[in-house]
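Me: Please take a close look at one part of this model, the ligand and the residues around it. Start with the chain as a whole, then go in.

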Amino acid sequence: MRFSSEPVLITGGSGGMGAAMARRLASSGARVVVCDLDQDAVQRVTGELTDAGHEALGVSADTCDEQQMLAAVDQAEQAFGPLYGLVTAAGIRQPAAPFHQIDLDTWDRVHRVNVMGTLIAIRACRPHLVRTHGAIVTVASVTANAARMNQSAYCVSKAAVLHLTRQVALELAADGVRANALCPGVTRTPMIEEAVRTDGPQVLEDKLRGSLEAFRPGIPLGRLSEPEEQAATAEFLLSPDASFITGAAIYVDGGVSMLG
Ligand SMILES: NC(=O)c1ccc[n+]([C@@H]2O[C@H](COP(=O)([O-])OP(=O)(O)OC[C@H]3O[C@@H](n4cnc5c(N)ncnc54)[C@H](O)[C@@H]3O)[C@@H](O)[C@H]2O)c1
């Protein structure tokens, strides 16, 4: 048990990775605030946690809306007291398109959710984290540091998330707040299943053959990541075991990033 009832808010908390993080943190003794746009999924994940005997709160909020996020943080405080931790797992993908053809509204939407949404969540939680000397884990991506064909909006947004994390880590260091970026490789979640369904045949053609498993050949460890592996790292980064780690990018990618 790495935690003793510290409250942690997770944006995107009912998505594939966010829900795995909620389960992991709750099992590790944290009180979890599941925050997501998808109200039904928020209720489902929160119900699952409370049925298992954990303390959890579900809040439906758009991470791009500062008023909604401030209200979500207030609700969290009323239920559990000031937040100790924040994980920003809310994020969206882009439909595959070459940079010169990508629709600019798509570019803007991907950046709004992935970058500005991360900034807003951090800003909303900052006063709490300063009081508790807490910790932040942003969810960037292995693509924060590497280009991917026809994924310019997504990759650039994740590079921005990574650098935003460094800015936040620097600006909050004197307050005793740590911030680190988790950089997952391809992880078995609804986001990646949708990418395979919609873009696989068109963009990756033979390589993908419409199957998640076709991502495997480029991954040195020879398999996709499970969301629980990302959750285990987020738990570590939030915990006192990571007390001297801040401003870091932690790649949980089966070795993809070492290939450059
Ligand atoms: N799955 C992967 O292979 C992979 C790899 C690297 C990084 N990531 C990143 O991990 C994070 C989690 O992704 P996932 O794979 O679990 O996808 P997912 O689609 O299962 O979960 C994303 C969640 O974010 C929520 N969300 C989207 N827009 C929101 C908004 N405006 N406000 C609040 N919530 C919003 C969705 O409702 C969903 O529950 C994302 O930031 C994603 O970019 C995923």
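Reply: Helices (H or I, at least four residues) and strands (E, at least two) are DSSP runs, numbered from the N terminus. With that in hand, read the chain from the N terminus: its elements run β-α-β-α-β-α-β-α-β-α-β-α-α-β. The radius of gyration, taken over C-alpha atoms, is set against a globule rule of 2.2 Å times the number of residues to the power 0.38. The chain has a radius of gyration of 17 Å, close to the 18 Å from the rule for 260 residues, so it is as compact as a globular protein of that length. In total there are seven helices and seven strands.

A word on the source. This is a predicted model, where local features need pLDDT of at least 70, side-chain atom pairs count only at pLDDT 80 or more, and totals for chains, interfaces and linings use all residues. Residues are numbered from 1 along each chain as its sequence is written, and side-chain values use heavy atoms, with hydrogens and water left out.

Now the ligand. A residue is near a molecule if one of its heavy atoms lies within 4 Å of it. By that test, 28 residues surround the ligand. The closest are Met17, Asp36, Tyr154, Thr187 and Thr189.

Next come the polar contacts. For the ligand, such a contact is a pair of N or O atoms within 3.5 Å. Tyr154 has a polar side-chain atom 2.5 Å from an oxygen atom of the ligand. Lys158 places a side-chain N or O atom 2.8 Å from a ligand oxygen atom. Leu37 uses its backbone: a polar atom there is 3.4 Å from a nitrogen atom of the ligand.

How well is the ligand covered? On its own it has 820 Å² of accessible area, and the protein covers 91% of that. Such areas come from the Shrake-Rupley method with a 1.4 Å probe.

Which elements supply the shell? Those giving two or more residues are α1 (16–27), α5 (152–172) and α6 (190–208). The most come from α6, with three residues.

Last, the chemistry of the shell. It divides into 15 nonpolar, ten polar and three charged residues. Here Ala, Val, Leu, Ile, Met, Phe, Trp, Tyr, Cys and Pro count as nonpolar, Asp, Glu, Lys and Arg as charged, and the others, Gly among them, as polar.

Definitions and conventions: Polar contact = N/O pair within 3.5 Å; in protein donor to acceptor, adjacent residues only side chain to side chain.
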